[in-house]
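Subject: Structure handover

Hello,

Here is the structure I promised to pass on. Please open it first, then read my notes below alongside it.

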Amino acid sequence: MDILIHTLSGTATATVIAGLHPCRPSQKTKIVLIGAFAGALPDLDAVSLWSGFDRTIGNFLGLAHSGREIYFGKLWYSHHVFMHSLLCDFLFTLLAVFIGGWMYCKWIKRAPDIWSGIRYLSVYFLTFFLAYFSHLMGDLPTPGGSWGGINLWFPSEEFTGGWGYTWWWNNYDIFLLLSGCTLLNIVVMISWGKWERQLKYLPAWIYMLTIGLICFQLYQRPVNFNETGTGSKEKRSLEIQEEILGPELYHLMRRFDEALPVYF
């Protein structure tokens with residue numbers, strides 16, 4: 001999936017946690033922002049495809065491979081390898097736990113010990129882990145590419161996913177579903193007022209319905225995106241989107257897509 005959908009998947013996941021957690025609006029905002037960040041983070045490993053990578057980062061680190069070779073390879077720092085694993089999700093969360101707990105203890109609230117800080121910040125750590133995880137799940141239905149999926153179980157050499165149910169981008173229907181889920185959940189949290197206790201589970205139900213609709217949409221794609229050439233995949237993906245969205249909404253999303261400097 002593209003970076004916008006991954007960011008939205010993390011944000012939508014975070015709105016559920018923010019809805020269930022009894023805290024101030026400012027804390028809910030932080031939860032949602034952490035979700036957005038963690039949802040996009042695994043694709044940091046795509047930096048090797050940046051046009052200036054070889055003469056900057058690659059040159060500084062003395063890497064033996066070009067950025068393109070790294071990106072499409074199966075080195076531990078290649079795309080879809082370590083940073084697309086559960087181990088990386090766990091280690092990043094663990095790092096955040098101890099850094100966050102220490103900072104809270106020493107600088108922010110001056111808690112008596114680091115464990116007090118960790119307990120107070122636990123909802124943020126949970127958000128980070130689940131939002132990061134949502135990115136990994138979002139990549140499973142995409143084509144296998146040169147990797148054969150994602151290295152979910154790193155350091156195992158087994159790659160998971162790469163099912164080819166959908167193309168890597170042009171998934172406007174998924175983008176709209178996640179956008180709707182996120183906005184609806186935020187509206188619910190802003191407006192529930194005295195009904196907060198009764199409606200606290202509503203964001204979770206909206207989220208689960210959205211995930212169900214996304215799975216339905218993915219499994220309804222009438223083509224295996226592992227089987228044809230890149231040009232025809234791109235064209236077929238756009239044709240499918242027009243069939244799903246209808247001409248007017250499709251062309252609106254195409255204009256939005258073409259206005260963006262990233263793949264979408």
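Start with helix 7 (residues 172-191) and helix 9 (residues 202-219). Their axes come within 10 Å and cross at roughly 175 degrees. The two helices are therefore roughly antiparallel to each other. From helix 7, the contact uses Asp173, Ile174, Leu177, Leu178, Cys181, Leu184, Asn185 and Val188. From helix 9, it uses Leu202, Pro203, Ile206, Tyr207, Thr210, Leu213, Ile214, Gln217 and Leu218. Sorted by class, that contact has 13 nonpolar, three polar and one charged residues. Keep in mind throughout that this is a predicted model.

One residue to click on here is Leu177, which sits in helix 7. Is Leu177 buried or partly exposed? Leu177 counts as partly exposed, at 23% relative accessibility. Leaving out residues up to four places away in sequence, Leu177 touches Thr210, Leu213, Ile214 and Gln217. Those four residues are listed on the helix 9 side of the contact. Take Thr210 as an example. Leu177 and Thr210 are 33 residues apart in sequence, yet their C-alpha atoms are 6.4 Å apart in space.

Next, helix 9 against helix 1.

Helix 1 and helix 9 pack at an angle of about 155 degrees, and their axes are 8 Å apart. That angle makes helix 1 roughly antiparallel to helix 9. The crossing is left-handed. On the helix 1 side, the contact is made by Ala12, Thr13, Thr15, Val16 and Gly19. On the helix 9 side, Pro203, Ala204 and Tyr207 make it. This contact has five nonpolar, three polar and no charged residues. Pro203 and Tyr207 also appear in the contact of helix 9 with helix 7.

Helix 1 has another partner, helix 2.

Helix 1 covers residues 3-20, and helix 2 covers residues 25-40. They pack at an angle of about 150 degrees, with axes 7 Å apart. Their crossing is right-handed. Helix 1 brings Ile3, His6, Thr7, Gly10, Thr11, Ala14, Thr15, Ile17, Ala18 and Gly19 to the contact. Helix 2 brings Lys28, Ile31, Val32, Gly35, Ala36, Gly39 and Ala40. By class, there are eight nonpolar, eight polar and one charged residues. Thr15 and Gly19 are on this list, and they are also among the helix 1 residues that meet helix 9.

Three buried residues are worth a look.

The first stop is His135, in helix 6 (residues 114-139). His135 is buried, at 0% relative accessibility. Apart from residues up to four places away in sequence, His135 touches His6, Ser9, Gly39, Ala40, Pro42, Asp43 and His84. Among these, His6 belongs to the helix 1 side of the contact with helix 2. Gly39 and Ala40 belong to the helix 2 side.

Then there is Asn171, in the loop between helix 6 and helix 7. Asn171 is buried, with a relative accessible area of 0%. Which residues does Asn171 contact, leaving aside its neighbours within four places in sequence? They are Met1, Ile5, Thr166, Arg221, Gln241 and Phe264.

That leads to Phe264, in the segment after helix 11 (247-258). Phe264 is buried too, with a relative accessible area of 1%. Not counting residues up to four places away in sequence, Phe264 touches Asp2, Leu4, Trp169, Asn170, Asn171, Tyr172, Phe175, Met253, Phe256 and Asp257. For scale, Phe264 and Gly19 are 245 residues apart in sequence and 29 Å apart in space, C-alpha to C-alpha.

Last, the cysteines.

How many disulfides does a search of the whole structure find? The search finds zero. A disulfide is a covalent bond between the sulfur atoms of two cysteines. The cut-off used here puts the two sulfur atoms within 2.5 Å. For Cys23, the closest cysteine sulfur is in Cys181, 18 Å away, so it is too far for a bond. Cys23 is buried, with a relative accessible area of 13%. For Cys215, the closest cysteine sulfur is also in Cys181. That distance is 13 Å, again too far for a bond. Cys215 is partly exposed, with a relative accessible area of 35%. Cys181 itself is one of the helix 7 residues in the contact with helix 9.

Best wishes

Conventions: Residues are numbered from 1 along each chain as its sequence is written. This is a predicted model: local features need pLDDT of at least 70, side-chain atom pairs count only at pLDDT 80 or more; totals for chains, interfaces and linings use all residues. Side-chain values use heavy atoms; hydrogens and water are left out. Buried means under 20% relative accessible area, exposed over 50%, partly exposed in between (1.4 Å probe, protein chains only). Axes are lines fitted to C-alpha atoms, for helices over the stretch in contact, and angles run from 0 to 180 degrees between N-to-C directions. A crossing is left-handed if the near helix is turned anticlockwise from the far one by less than a right angle, and right-handed if clockwise. Contact means heavy atoms within 4.5 Å. Ala, Val, Leu, Ile, Met, Phe, Trp, Tyr, Cys and Pro count as nonpolar, Asp, Glu, Lys and Arg as charged, and the others, Gly among them, as polar. Angles under 35 degrees count as roughly parallel, over 145 as roughly antiparallel, 65 to 115 as roughly perpendicular and the rest as oblique.
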